[in-house]
Amino acid sequence: MSRERAPTLPSVAAPRGGDRPASGGRAPADISGRDEAMRIAGEKVGAGRARDRTIEVFNPYTRERVGSVPKATLDEVRRAFAIARGYRARLSRFERASVLDRAAALVRERSAAIAALITAE
């Protein structure tokens, strides 16, 4: 069952005065307007989708657009699950642990930017 309507924001007034964050409620410039791609098995899919095939992401506090993410079709979801079911790791568990250790280090290194993005979403 697919829903073609874009999500709407609730009509809630933003707090005034001292309740506003020090940044004025704006997302940092480095995360504003990100348009993410969807990948299935490493292949970018859905490039150039019509607006009804994307989901706009807004900061619920300021209502500013943070970016967009593609909306998968049913066939894309089925394809992704089929590929995932047939996947067999090529790396040993020790090699995978090393990759995860590096990913964790990157998350720690970029925690401020990640926190800003999550907060803005």
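In this predicted model, strand 1 and strand 5 run alongside each other in the parallel sense, with two bridges holding the pairing. One of the residues involved is Arg34, whose bridge partner in strand 5 is Gly67. On strand 4, Val57 also has Gly67 in strand 5 as its bridge partner, so Gly67 turns up in bridges to Arg34 and to Val57. Strand 4 and strand 5 pair in the antiparallel sense, this time over five bridges.

Put together, these pairings give an open sheet of three strands in the order 1-5-4, with mixed pairing. Strand 1 (34-35) and strand 4 sit at the edges with a single partner strand each, so each has one side with no neighbour in the sheet. As for what holds such an arrangement together, strands of a sheet pair through backbone hydrogen bonds, in either the parallel or the antiparallel sense.

Stepping back to the whole chain, there are three helices and five strands. Read from the N terminus, the order of elements is β-β-β-β-β-α-α-α. The chain has 121 residues, and 16% of them are buried. Among contacts with a separation of 6 or more, 67% link residues 24 or more positions apart. The accessible surface adds up to about 9600 Å², with carbon and sulfur atoms contributing 56% of that.

Back in the sheet, the link between strand 4 and strand 5 also involves side chains. Glu56 lies in strand 4 (residues 54-58), and Arg65 forms a salt bridge with Glu56, with 2.5 Å between the closest N and O atoms. The pair also shows up as a polar contact of 2.5 Å between the two side chains. How accessible are the two partners? Glu56 has a relative accessible area of 15% and is buried, the cut-off being under 20%. Arg65, on the other hand, comes out at 33% and counts as partly exposed.

Strand 4 and strand 5 make a hairpin with six residues between the strands, and Arg63 in that hairpin takes a positive phi near 65 degrees. Arg63 belongs to the loop between strand 4 and strand 5 (65-70), and the positive phi comes despite the residue not being a glycine. With a relative accessible area of 38%, Arg63 is partly exposed.

A second non-glycine residue with a positive phi is Ala41, at about 55 degrees. Ala41 sits in the loop between strand 2 (38-40) and strand 3 (43-45). At 61% relative accessibility, Ala41 counts as exposed, whereas Arg63 at 38% is partly exposed.

How many salt bridges does the whole structure hold? The search turns up two. Besides the Arg65 and Glu56 pair, there is one between the side chains of Glu43 and Arg79, at 2.8 Å from N to O. Glu43 is in strand 3 and Arg79 in helix 1 (residues 74-85), so this salt bridge ties together parts that lie 36 residues apart in sequence. Both ends are partly exposed: Glu43 has a relative accessible area of 41%, and Arg79 has 34%. In the Arg65 pair, by contrast, Glu56 is buried at 15%.

Finally, the surface carries a nonpolar patch made of Val107, Ile114 and Ile118, which together offer about 260 Å² of accessible area. Of these residues, Ile118 can be placed in helix 3 (residues 111-120). Ile118 has a relative accessibility of 56%, so the residue counts as exposed, the threshold being over 50%.

Definitions and conventions. Residues numbered from 1 in each chain as written. Predicted model: local features only at pLDDT ≥ 70, side-chain atom pairs only at ≥ 80, totals over all residues. Heavy atoms only, no water. Helix = DSSP H or I, 4+ residues; strand = E, 2+ residues; numbered from the N terminus. Buried < 20%, exposed > 50% of the residue type's maximum accessible area, 1.4 Å probe, protein only. Polar contact = N/O pair within 3.5 Å; in protein donor to acceptor, adjacent residues only side chain to side chain. Contact = heavy atoms within 4.5 Å. Areas by Shrake-Rupley, 256 points an atom, 1.4 Å probe, with all protein chains shown as cover. Pairing = 2+ DSSP bridges. Patch = residues over 30% accessible without salt bridge, like charges linked within 9 Å, V, L, I, M, F, W, Y side chains within 5 Å. Salt bridge = Lys/Arg side-chain N within 4 Å of Asp/Glu carboxyl O.
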